[in-house]
Amino acid sequence: MPPMKSASKSSELSPIAGARCGLSVADVKQSFLDNLFCGLGRVPMAATRNDAYTALALTVRDRVLNQGVRTLEAYEEQDARVVAYLSAEFLPGPHLANNLLNLGITEQTRQAMSELGLNLDHLIDQEEEPGLGNGGLGRLASCYMDSLASVEVPAIGYGIRYEFGIFDQTLKDGWQVEITDKWLRFGNPWEIARPEIAYDVRFGGRTETWTGEQGHYRMRWVPDTVVKGVAYDTPILGYRVATCNPLRLWKAEAVESFDFAAFNHGDYYRAVEDKMQSENISKVLYPNDEMLQGKTLRLQQQFFFVSCSLQDMIRVHLQLGRPLDKFHEKWAIQLNDTHPAIAVAELMRLLVDEHEMDWDTAWHITQNAFAYTNHTLLPEALEKWPVGLFGRLLPRHLEIIYEINGRFLDEVRTKSPGDDARLARMSLIDESGERYVRMANLATVGSHHVNGVARLHSELLKQTVMHDFAELWPEKFCNVTNGVTPRRFVAVSNPPLTRLITSRIGDGWLRDLDQLRKLEPFADDADFQQQWREVKLTAKRSLTALIEQRTGVRVNPESLFDVQVKRLHEYKRQHLNVLYILTLYLRLKRDPQADVPARTFLFGAKAAPGYFMAKLIIKLINSVAAVVNHDPVVHDRLKVAFFPDYNVKNAQHIFPAADLSEQISTAGKEASGTGNMKFALNGALTIGTLDGANVEIREEVGAENFFLFGLTAAQVQELKSGGYRPHDYYEQNATLREVLDFVASGALAGGDTAQFQPLVDNLLWHDPFLLLADYQAYVGCQDQVSALWRDPQAWTRKSILNAARMGKFSSDRAIRDYCAQVWKVTPVTVE
């Protein structure tokens, strides 16, 4: 990094307090130098780029924390009800640019850095992304934290401070290779360690009975292991408001980190053994749970962060002088999927065992404190834990779950006498074979509301996996369609588009996304259309350079950018996209003069390390790229690139550049999706099925502005129940047969016919996600895409209307829906 310019004598002598929270160029500059000198012990001439980034992050954090203190004071003064958002995953993305935007000091900071010889964009790019989640679940949680603060809702997020996040992805010979994500190797300037906020978390052991002071029968848990959870806080600032809520992540530590007795006897390993075993709990995001050790650690992780969080809420509640029997009136606890569902049993244990509350009062508090968001319709994704493992790790909680289950099934028997099949389906314990604890059932029984995350998903939830519960408690079930924050995914990701929109309708849309409707009159304005296309082309040129840098593939920025970036799973059907690429490729091989507009296919996806078929699909994509990109017949017409290590930081480059958004999951499988929203906000048109939030996006943007294909969820179910025979589609469709035979021939694998045979066989004889049934409709729909792309004015008009009609899909709207329907929480304005 080039040396920084020296500050003037007057600024060097300025008192640090004067610049600590100021927002002027001079204040930011002075505070930056103070943090560089006093916080890092660096002088400008010796500072590395990471030093400069860290000093700037601390400078911005000072200003954010100033708001955080005011926020906590306001919540206490107004005795506010607080949302506690429990999630095993958070994917916040880089913090610096987002906080600069929310504070409204991006340009002041840019000038301050420039005066010191630094480039703000380089410092923003220096930030390491916290990879504390796998995909949509964690990103949604972070969008909601952003919106909770922006909508001024009292809230705290609770999760795990994983030392190693989701793996970094590299490619070797087209195969995914997982690399350890060392996101903390340079430290994390945004977090504040709170060693005084720590709780003991127990595991294993046994339970025993005792008699309380009033002669009441009580249970005591005698664990064989105790781990300490220590809080680390990251401030989450709202957009242009004073509200700043904490994201509190827990790190696991040993209660005693060093055994001097063992050390003095020469047993050096045992001296630190407890420390190592305890710290394993928060060491890595989601260990591979195929083996028993992995399952054990994953359950430990879930209970660890839930127990710390509930103990923390109770501590705060009592410190504020509130009676514990009013706990549910001051805390709205949201379970983000089933990972934190053990909280239902843990709150009961804390209230009944630790605070000696009677069962009925504790259960009333528990049911009225919790709400549960379901994120999946896939039965295999609804968490279950073997009873034996659960009992060994959490013996008291298993007893509590048995008691909850007994009382609950008595209620079911009263409503449905003699219906043993219903009892078996609804029981918290699956006894159909090996006995399991059903976490989704526990979360549903222990919550006052259960919501799905898109209208279709919520309806299917009530019709399928939660059918019996919806019949028993119809009033419990509601829908809150997911949303995304326009601050990160337009303002931070796409400044040129933000400036263009703001030049026409003002900047209120970043606070109220429905204001984007004001863009509709400009959809037919030739000058505005031209500016819109220029913004898109600028983003595509930027991404083109990045694609070449990361993959070595040189693409044409004026081609149609057809993008599919999301977690790799068969139901998301990345391989259907590949079949279409090969369809185009073989069409051009037969007829090089065919009218096929130039198209760049871009993929980005991580596959779970133990998911063989998903990793094989990544290999297939890269093998297709190797063939297509080096074939002179199609050289200027088709390009395929796989962008490695897809994450929030990389997504911010990809969403602005997309022309076409691939949302092609099997209908009825995707709960909602949020990538579909981010693409459309940036002006991409969607090709998709009637799945998840696609249904509502199509309603909002207009059917004529959405490329729809494929079976509906009802048709999928009907086809499967009638005996789906994928091989028949292969036999009856010559083009499909040609494509699959090409894959099977070994032409993509240097003549190795065995490499992709598992994938081909799966499609021909099983095809669980109905690619072959939807193939022809998808090809036909893609032909419509090509036809529209040939008319730039018509394409641009639809692009503008897509963005203009996305107001519903703001995470601000979703949070307001939760506040009204589920949490019964009102905003608190922080002065």
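Start by selecting Ser 623, which is buried, with a relative accessible area of 4%. You are looking at a predicted model, so every stop on this tour describes that prediction. Zoom out a little and you will find that Ser 623 sits in helix α25, which covers residues 612-628. Now show its neighbours: leaving out residues up to four places away in sequence, Ser 623 touches Leu 748, Gln 755 and Phe 756.

**Stop two: an open sheet**

Next, colour the strands β17 to β22. In which order do the six strands of this open sheet lie? Reading across, the order is β19-β18-β17-β20-β21-β22, and the pairing is parallel. At the edges you will find β19 (638-642) and β22 (707-708), each of which pairs on one side only.

Now select residues 560-565, which make up strand β17, together with residues 660-663, which make up β20. Two bridges join this parallel pair. To see one position up close, pick Asp 562: it stands opposite Leu 660 in β20.

Add helix α24, residues 574-590, to the picture. This helix packs on the sheet and touches β17, β18 (599-604), β19 and β20. Compare directions, too: that of α24 makes about 155 degrees with that of β18.

**Stop three: a fully covered strand**

Move on to strand β10, residues 331-336. How many of its six residues are buried? Six of the six are, so to speak, tucked under cover, as each counts as buried. Turn the strand and look at both faces: Trp 331, Ile 333 and Leu 335 are on one side, with Ala 332, Gln 334 and Asn 336 on the other, and all are buried.

Strand β10 also has partners to look at. Five bridges join β1 to β10, and these two strands run parallel. Click on Val 83 and you will find its bridge partner in β10, Ala 332. Then show β11, residues 370-373, which pairs with β10 in the parallel sense over four bridges. There, Asn 336 stands opposite Thr 373.

**Stop four: the nonpolar cores**

Here is an idea to carry with you: in soluble globular proteins, nonpolar side chains tend to be buried together. The largest nonpolar core in this model has 190 residues. Select Leu 86, Phe 304, Phe 327, Ile 333, Phe 390 and Trp 823, the residues with the most contacts inside that core. You have already met Ile 333, on one face of β10.

Which residues does Leu 86 touch? Not counting residues up to four places away in sequence, its contacts include Tyr 158, Phe 305, Val 306, Met 313 and Ile 333. Pro 340 and Ala 343 are also among them. When you are ready to move away, look for a second, separate core of 57 residues, which includes Leu 101, Ala 454, Leu 546 and Phe 809.

**Stop five: charged pairs**

Side chains of opposite charge can pair when their charged atoms come close. A search of the whole structure finds 55 salt bridges, and a few make good stops.

Select Lys 330 and Asp 79, whose side chains meet in a salt bridge at 3.1 Å, N to O. Lys 330 lies in helix α12 (residues 327-330) and Asp 79 in the loop between α4 (49-77) and β1 (82-86), so the pair ties together parts that are 251 residues apart in sequence. Lys 330 is buried, at 17% relative accessible area, while Asp 79 is partly exposed at 37%.

Next, go to Lys 808 and Glu 696, which meet at 2.9 Å, N to O. Because Lys 808 is in the loop between α34 (792-804) and α35 (811-823) and Glu 696 is in helix α28 (residues 694-701), this salt bridge ties together parts 112 residues apart in sequence. Are these two residues buried or partly exposed? Lys 808 counts as partly exposed at 22%, whereas Glu 696 is buried at 2%.

For a network of salt bridges, select Arg 194, Asp 233, Arg 248, Asp 312 and Arg 315, which are linked together.

**Last stop: a cysteine**

Finish at Cys 143, which is buried, with a relative accessible area of 2%. How many disulfides does the model contain? The count is zero. Cys 143 is in no disulfide, and the nearest cysteine sulfur, that of Cys 819, is 16 Å away.

How values were computed: Residues numbered from 1 in each chain as written. Predicted model: local features only at pLDDT ≥ 70, side-chain atom pairs only at ≥ 80, totals over all residues. Heavy atoms only, no water. Disulfide = S-S within 2.5 Å. Buried < 20%, exposed > 50% of the residue type's maximum accessible area, 1.4 Å probe, protein only. Pairing = 2+ DSSP bridges. Contact = heavy atoms within 4.5 Å. Axes fitted to C-alpha atoms, helices over the stretch in contact; angles between N-to-C directions. Salt bridge = Lys/Arg side-chain N within 4 Å of Asp/Glu carboxyl O. Core = buried A, V, L, I, M, F, W, Y, C linked by side-chain atoms within 4.5 Å.
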